[in-house]
Amino acid sequence: MPEAPAKERRVDGEVREEVLRAARELEGAAPQEVLRWAVGRFGGRLTLSVSFGGPEGMVLLDMLSRITDDVWVFTLDTGFLFEETVRFREEAMRRYRLPLRVVRPELSVEEQVERYGPQLWSCAPDICCEVRKVEPQRRWLAGFDAWVTGIRRDQTAARADTPVVGWDDFFGVFKIAPLASWSREQVLRYAEEHGVPLNPLLSRGYTSIGCEPCTRPVREDEDERAGRWPGMEKTECGLHIVNGKVRRAVS
């Protein structure tokens, strides 16, 4: 098992420029090649996020497990996840040898209700996501230099310019998206060909799975993320992008 994440890490401007120059050659590379580069470049300072909801994280988990067993995987447990997601998480990680850390908010659900009132997710969803997702992830990433994520360019217009390797100003880490140029069909094909387990909710009409109160199944004619925050203008939780800008809600 890799060492626990460091309490502090620093990436200076010179290192940032060096990594981003090298990373430009990875545009168009296979996801496995991107992951091998990331493991070689960052080693134990690399971490992979997996929601255990969508297929992308599971595909990256499978790919990474074929390269190394010395990288931390982390997942955010907001306290509002589907029971199916929590059960699937435990089952899936018995299959893979990579170490997993479940990262939770500092506020319990009960403490959040006491501070903000019930159903914060429905009246102030940005603040709810800030408390239950953004703050915990920021705390976890403070010990790393690079973060691997499963986002794809074709998921939303806001993600269309996602680089394979970029710098995340908010979290202060390199953000690596090996599947940026892949389609959903390519992701699912890899999962089928390699026997990658997937969240059972995906076979029940869900295509993007988050917190239970904020997620519904989608129709065939809808965008794959249409089931997230239904009835609201909100389309992102804030981990990646907010209104086209690297900006988060203020709680």
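The legends below accompany an overview and several close-up views of a predicted model.

**Figure 1. Overview of the protein, with its 8 helices and 6 strands.** Read from the N terminus, the elements follow the order α-α-β-α-β-α-β-α-α-α-β-β-β-α. The protein has 251 residues, and 55% of them are buried. Among the contacts between residues at least 6 apart in sequence, 74% join residues that are at least 24 apart. The protein exposes about 12,200 Å², and carbon and sulfur atoms supply 46% of that area.

**Figure 2. Close-up of helix 1 (residues 13-23) and its buried residues.** The buried residues of this helix are V19, L20 and A23. Seen down the axis of helix 1, these residues fall within an arc of 95°, so they line one face of the helix. In an α-helix there are 3.6 residues a turn, so residues three or four places apart point the same way. The buried residues of helix 1 pack against helix 2 (31-42), and they also pack against strand 5 (165-168) and strand 6 (173-176).

**Figure 3. Close-up of L46 in strand 1.** L46 counts as buried because its relative accessibility is 0%, and buried means under 20%. When its neighbours within four places in sequence are left aside, L46 is in contact with A38, V39, V71, W72, F144, A146, V148 and I176. Along the chain, L46 and L141 are 95 residues apart, while their C-alpha atoms are separated by 9.4 Å.

**Figure 4. Close-up of F52, in the loop between strand 1 (46-49) and helix 3 (55-65).** Most residues other than glycine have a negative phi. F52 is not a glycine, yet its phi is positive, at about 60°. This residue is buried, and its relative accessible area is 1%. F52 is also among the residues that M58 touches, and R89 is in contact with F52 as well.

**Figure 5. Close-up of M58 in helix 3.** With a relative accessible area of 0%, M58 is buried. Not counting residues up to four places away in sequence, M58 touches V50, F52, F88, A92, Y96, V196, P197 and L198. One of these contacts, V196, is 138 residues away from M58 in sequence, although the two are 6.9 Å apart in space, C-alpha to C-alpha.

**Figure 6. Close-up of R89 in helix 4 (residues 83-93).** Is R89 buried or exposed? R89 counts as buried, because its relative accessibility is 4%. Apart from neighbours within four places in sequence, R89 is in contact with F52, T75, D77, L81, L100, V102 and R104.

**Figure 7. Close-up of the crossing of helix 5 (residues 109-116) and helix 7 (residues 125-141).** Two packed helices are described by the angle between their axes and the distance between the axes. Here the axes of helix 5 and helix 7 come within 12 Å and cross at roughly 145°, and the crossing is right-handed. Helix 5 contributes V109, Q112 and Y116, which meet I127, C128, V131 and R132 in helix 7. Sorted by class, this contact has 5 nonpolar residues, 1 polar residue and 1 charged residue.

Terms used
Residues are numbered from 1 along each chain as its sequence is written. This is a predicted model: local features need pLDDT of at least 70, side-chain atom pairs count only at pLDDT 80 or more; totals for chains, interfaces and linings use all residues. Side-chain values use heavy atoms; hydrogens and water are left out. Helices (H or I, at least four residues) and strands (E, at least two) are DSSP runs, numbered from the N terminus. Buried means under 20% relative accessible area, exposed over 50%, partly exposed in between (1.4 Å probe, protein chains only). Axes are lines fitted to C-alpha atoms, for helices over the stretch in contact, and angles run from 0 to 180 degrees between N-to-C directions. A crossing is left-handed if the near helix is turned anticlockwise from the far one by less than a right angle, and right-handed if clockwise. Contact means heavy atoms within 4.5 Å. Ala, Val, Leu, Ile, Met, Phe, Trp, Tyr, Cys and Pro count as nonpolar, Asp, Glu, Lys and Arg as charged, and the others, Gly among them, as polar. Accessible areas come from the Shrake-Rupley method with a 1.4 Å probe; for residues, only the protein chains shown count as cover. The arc is that of the directions from the helix axis to the C-beta atoms.
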